[in-house]
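Reader: I'm new to this structure and would love a close look at just one part of it. Could you pick up the sheets and take me through how they are put together, then show me what sits around them?

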Amino acid sequence: MIDSTQTLSDFRLLTRTGVSRTSVSRTSAFKSTLAIAVAAASLSMAAGANAATWKMALGDAAGGTQYELGKTFASLVEEKSGGDIKVDLFPNGQLGSEQDTVNNASMGLVDLSVVAINNLTPFSPTVGVLTLPYVIHGPDDAKALTQGKIGDELRENTLRDSGIRILGWAYSGCRRLTNSKQAVASPADLEGMVIRVPKNEIMISSYQSWGVNPNPLAWSETFTALQQGVVDGQDNPYITIDAMKFYEVQNHVTDSCYVFSMEPLIMGEGTFQSLSEENQQLVLAAGEEATSHSYDYLLATEDSIKKSLVEEHGMTITQPANDEQEWITKASSIWPDFYASIGGRDKLVEVLETLGRDPSTAP
Ligand code: MLT
């Protein structure tokens with residue numbers, strides 16, 4: 001946490017005067033600001049040696065997978081540091097939109113954030129392989145990709161591209177399409193609807209493949225846009241739909257699974273480098289343990305939350321027609337459009353092989 005007014009205003013100036021979201025994604029910009037970020041983070045620690053209270057931004061409301069990961073990480077860090085380090089959670093986008101908090105973490109303006117992977121992709125395009133439609137089929141695929149060799153490589157790329165260190169992952173489940181108009185089983189049922197999507201090129205393109213012209217909106221603006229009828233629908237996992245109380249403004253869910261939502265817990269590299277070696281090891285270990293808890297939490301809660309959305313909150317769940325085949329065929333046709341950004345077709349082949357699937361399905 002930055003507690004020097006002087007330093008904070010210097011950072012605000014930097015942010016306003018050109019170290020923008022896009023420039024942060026460039027390695028050179030990252031290198032030129034890392035030294036300043038380290039200095040700023042060190043200042044925040046200086047008051048009590050390694051004692052600190054960190055701020056963690058969460059885009060979602062309390063009660064979802066982001067909160068569960070954050071809460072677990074916070075209590076592990078506090079316990080492992082003997083109470084020296086405390087972490088305060090700020091849910092509901094109080095510290096800014098998810099994409100803003102990525103930018104702010106890289107600048108040392110926020111200590112920690114949990115964001116959906118789709119909101120990190122604009123800063124480090126190779127993580128886009130995790131949002132390519134219909135590549136990840138469920139929690140085991142998500143775990144295999146985030147915790148193995150591919151996960152290590154994506155973490156390194158994110159650090160290189162944006163000065164963001166991934167400490168752990170929340171696993172939130174398949175993204176399900178919700179809307180306020182009618183049951184949707186096939187892409188044609190979306191005709192005439194305005195669907196909110198994250199500001200993520202792959203997801204925008206997925207909807208376009210289904211004949212929809214989506215409305216890209218920040219997550220922090222989504223509930224209000226649904227409530228006011230600016231958009232008719234959106235997609236997110238069951239646990240997120242519940243935590244965000246979307247059932248108050250949406251009544252139909254399609255049991256689709258075009259993207260599996262993974263949500264990295266991130267820290268700016270400047271903040272990380274300002275920690276003692278001991279505290280660096282401590283946050284890495286806490287991130288790993290919290291990740292493992294997140295996986296168990298998803299498996300333990302998703303089914304009952306899905307049931308409660310129907311039984312307590314009156315949502316209707318529609319199965320995609322013909323085992324989702326039309327959705328899959330259309331959306332998978334966009335894969336080649338993103339080969340350049342994810343590191344080439346070979347990267348997708350490696351991902352499919354890691355998941356035990358036929359790599360020749362990559363066109
Ligand atoms: C989004 O739709 O922008 C995110 O997936 C929301 C989230 O972080 O849960």
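Author: Sure, and keep in mind that this is a predicted model. Let's begin with an open sheet of four strands, which has mixed pairing and the order 8-5-9-11. At its edges you'll find strand 8 (233-236) and strand 11 (316-318), and each of these pairs on one side only. Going from neighbour to neighbour in this sheet, the strands are turned by 25° against each other on average, direction ignored. Take a look at strand 9 (residues 252-254) beside strand 11: they pair in the parallel sense, over three bridges. If you want a spot to put your finger on, V253 stands opposite I317 in strand 11.

Now for the sheet of five strands, which is open too and has mixed pairing; its order is 2-1-3-10-4. Strand 2 (85-90) and strand 4 (164-174) stand at the edges with a single partner strand each, so one side of each has no neighbour in the sheet. Here the average turn between neighbouring strands is 20°, direction ignored. Strand 1 (residues 52-58) runs parallel to strand 2, and six bridges join the two. Within that pair, A57 has F90 of strand 2 as its bridge partner.

Helices lie against this sheet as well. Helix 5 (residues 98-106) lies across strand 1, strand 3 (112-114), strand 4 and strand 10 (260-268), and runs at about 30° to strand 10. Helix 6 (residues 139-147) packs on the sheet too, where it touches strand 4 and strand 10, and its direction makes about 30° with that of strand 10.

Next, the ligand. The residues around it are G59, D60, E98, A116, N118, N119, P198, W219, N236, T240, S261 and E263. Sorted by class, this shell has six polar, three charged and three nonpolar residues. Both domains take part: domain 1 (4-124 + 138-172 + 262-301) and domain 2 (176-259 + 305-361) each supply at least three residues of the shell.

One last stop is a pair of helices. The axes of helix 4 (residues 65-80) and helix 12 (residues 277-311) come within 8 Å and cross at roughly 140°, and the crossing is right-handed. Among the residues making this contact are L69, F73 and L76 of helix 4, together with A286, A290 and Y297 of helix 12. By class, the residues of the contact divide into 11 nonpolar, five polar and three charged.

How values were computed:
Residues numbered from 1 in each chain as written. Predicted model: local features only at pLDDT ≥ 70, side-chain atom pairs only at ≥ 80, totals over all residues. Axes fitted to C-alpha atoms, helices over the stretch in contact; angles between N-to-C directions. Left-handed = near helix turned anticlockwise from the far one by under 90°. Contact = placed C-beta atoms within 7 Å. Nonpolar A, V, L, I, M, F, W, Y, C, P; charged D, E, K, R; others polar. Near = placed C-beta within 6 Å. Domains from an automatic or database assignment. Pairing = 2+ DSSP bridges.
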